[in-house]
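Open the model in your viewer and keep the selection tool at hand. We shall go from one selection to the next, pausing at each to say what is there.

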Amino acid sequence: MSKYSTQEMVLNMGPHHPSTHGVLRFILQTDGEMMVKATPDIGFLHRGIEKIAERVPWQAFMPYTDRIDYLASLNCNLGYALAVERLAGISVPEKAEYLRVIGAELTRIGSHFIGAGAMLLDLGAVTPFVHALRERETFNDLIEMLCGARLTHNYVRIGGVSQDLPAGFKEKCLGFVDHLEYEFLDEFNDMISYNTILINRLANVGVISAEEAEDYTLTGPNLRGSGVAFDLRRDDSYSIYDRFDFDVPVGSGKFGVLGDSYDRYWVRIEEIVQSCRVIRQALKQMPESGEVRTKLPKLFTVPAGEIYVRTEAPRGELGYYIISDGGKNPFRVKIRTGSFSAMTIIEHLSQGVMVADLVAIIGSLDVVAPEIDR
Amino acid sequence: MTVQQTDIIKAIKDRLGAAAQSVEEMKNNDIMVVVEKDSLVQAMHTLKTGEGLRFTTLMNQLGADYRDSLAVIYNLYSPTLRQKVTVKAFLDREQPEVHSLENLFRGINWYERETYDMLGIRFAGHNNLKRLLLPEDWSGFPLRKDYVYPESYGGIETGRTDLLDNPISAGKSHV
C-alpha cells in the first residue's frame with residue numbers, strides 16, 4: 001500500500017473558461033487527473049426567448065430565432081418559418097424553397113467549420129482554427145451578398161425569403177463549393193484530420209453507443225457519429241430536400257471504436273462535402289426567375305392549433321412546438337435544440353475520463369451555449 | 001411499406017383503451033393523443049414498447065399553460081413506423097404534478113427540470129428537481145400566463161425608461 005493517499009477534489013470550470021464556448025460551467029469532481037464526474041451548470045445565457053415569443057407578433061419573432069444558435073441562424077429561421085407556414089397553411093414559392101436550401105446548407109458548412117475548428121483550438125491546435133475561419137470568411141461574404149448580414153442572418157421570412165439572389169452570387173458560390181470539396185478539404189484532412197496527435201486525442205475517447213445516443217435523445221451529427229443513419233433531411237423530409245441526391249455519413253470507428261469523438265468529428269467533415277453536393281444541385285435546378293415571397297396580410301394571424309415541426313440543423317434536431325390561439329402573437333413556442341440534448345449526456349460520459357478528455361468530449365459534441373439556454 | 005396513419009390511430013386506440021381520452025390526426029403528419037394524467041406512465045410505456053407501435057424516440061418534452069389548466073406534452077417518434085405522435089396530459093392548475101418518465105427515457109431528466117423551472121409542474125420521482133435555467137432563488141414560473149414580472153432581482157431594478165425618461169414597466173409588450 002502506498003503511504004500517499006488521495007482524496008477527491010471539487011474544481012470549478014467556467015463560466016469563463018476558454019474551452020467552454022460561450023458561458024458554460026462545469027463542477028468537476030476529480031481524483032488527480034482522473035475525473036469522477038462533471039456536472040454541467042447551464043443558464044448563464046438564458047434570455048427567455050420562449051417568453052419573448054409570446055409577446056411579439058408572429059413575424060416579429062423571426063429576428064429572435066437568429067439568436068438561438070448564432071452559428072447557424074439561418075437554420076433557426078427556417079425551422080420557425082416552416083412551423084408557422086404548416087400551421088397556417090401557407091405555400092412558399094418555388095424559387096424561395098431553393099434559396100432556403102442554399103442558405104441553410106451554406107450555413108451548415110460555416111457552422112461545421114466553427115465546430116471542428118473550435119474543437120481543435122480547445123485541444124491545443126490553434127492553426128487549424130485559423131484555416132477553418134479563413135474558409136468561413138468566404139461563407140460570410142456569400143451570406144452577406146444574400147441578405148446583408150454576416151452573423152444573424154434573418155433571411156427567411158414566413159412565406160419565403162427576404163430577397164432574391166444578387167448578381168454574381170451563383171458563380172461565387174459554385175467557386176466556393178468547388179474549392180472546398182476539391183481543394184481545401186483534402187489539404188485540411190492531410191494536415192489535421194489524419195494527424196497522429198489528433199487521432200490519439202480523439203479516438204476511443206467519449207464513446208457513445210447507438211443505444212445510449214438514442215436514450216439520451218442525441219440527434220444530428222452526434223447520433224450519426226454513433227452509427228445511426230438518421231437524417232431528417234432524408235428521413236422526415238421538409239422543404240425540397242427530397243429533390244436532391246446526397247449521402248448520410250455515419251461513424252464507422254475509423255481510428256478507434258464506433259461512436260468515439262473522432263467519429264463525431266469525421267461525420268462533420270464528411271457532411272461538409274454532402275452540403276456542397278446539395279448546393280451544387282440546388283443552384284443548377286433553381287428557376288431563373290420567380291417570386292421569392294408570398295404576400296401575407298398586414299395583420300397576420302395563425303388559425304388556432306398546435307404543431308411540432310423539426311428540421312435538421314447543424315447541431316441536430318431543431319424542433320419548434322407552436323401553439324396558436326388565433327391571436328396576433330404565438331400562444332406558446334417551445335424550441336427543442338440539439339445542444340440541449342447533447343449536454344444531458346456529458347455527466348454520464350465524463351465518469352472516469354481524464355480532465356483533458358472532457359474538453360475533447362465537449363468539443364466533439366459541438367455544443368453552443370446560447371442554443372442550450374435559449 | 002408504409003403503414004397508413006388511420007391504421008396507426010386505430011392501433012393506438014386499441015392498445016391504450018380507456019387510458020386515451022382522444023386520439024386524432026394532427027397537422028404535419030402527426031397524431032395527438034390526450035391521456036389522463038394518472039395513466040400517463042402506463043400509456044407512454046405502451047406507446048414505447050407496444051407491438052406494432054414502438055415509439056422509442058423521445059423528440060421533445062414541454063409544458064404549456066392553457067389558462068384554465070396546465071399541460072405536459074411529449075413528442076415521440078417511431079422509427080419503424082416513421083410516425084410522430086404527440087402525447088398530452090392536462091394537469092390541475094393548483095396542484096400540477098405528474099410522474100417522471102426517467103425510467104422510460106433517460107434523456108428526459110433535463111427536459112422535466114426545464115418544464116418545472118418555467119411552469120412549476122412537479123415531476124414525482126424525479127431525482128434532481130431543481131431549477132435548470134433560472135437562478136435557484138428566482139421566484140415564480142415565467143411561462144405561466146399569470147406570471148408577474150419582478151421589479152428587481154439581486155438589487156438590480158428591471159424597469160427601464162424611454163428616451164423621454166418615462167418609465168417602461170418590466171414585461172411591457174414590445175408593440
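Begin with the lining of the second largest cavity, which by class has 4 nonpolar, 2 polar and 2 charged residues; here Ala, Val, Leu, Ile, Met, Phe, Trp, Tyr, Cys and Pro count as nonpolar, Asp, Glu, Lys and Arg as charged, and the others, Gly among them, as polar. This is a predicted model, in which local features need pLDDT of at least 70 and side-chain atom pairs count only at pLDDT 80 or more, while totals for chains, interfaces and linings use all residues. Residues are numbered from 1 along each chain as its sequence is written, chains are lettered from A and ligands numbered from 1 in the order in which they are written, and side-chain values use heavy atoms, with hydrogens and water left out.

To see that lining, select A:Asn75, A:Leu78, A:Ala104, A:Arg108, A:Tyr238, A:Tyr241, A:Thr311 and A:Glu312. The space they surround has a volume of about 30 Å³, a volume being the space filled by probe spheres set on grid points that are joined across faces, edges and corners. On a 1 Å grid over the protein atoms alone, a cavity is a set of points where a 1.4 Å probe fits but cannot get out, whereas a pocket is an open set with protein on both sides within 12 Å along at least five of seven lines, and lining residues have an atom within 4 Å of a point.

Now colour α3 (73-88), α4 (94-122) and β6 of chain A, each of which supplies at least two residues of this lining; helices (H or I, at least four residues) and strands (E, at least two) are DSSP runs, numbered from the N terminus.

Stay with β6(A) and add its sheet, an open one of 3 strands in the antiparallel order β6-β7-β8 of chain A, where two strands pair if DSSP finds at least two bridges between them. Its edge strands are β6 (305-313) and β8 (332-336) of chain A, each pairing on one side only. Between β6(A) and β7 (residues 316-324) of chain A there are 9 bridges, and A:Gly305 stands opposite A:Ser324.

From β8 of chain A, move to the largest cavity, with a volume of about 40 Å³. β8 of chain A, together with β3 (57-65) and α3 (109-119) of chain B, each supply at least two residues of its lining, and the largest share, 5 residues, comes from α3(B).

Finally, show both chains: 43 residues from chain A and 44 residues from chain B take part in the contact, which means heavy atoms within 4.5 Å.
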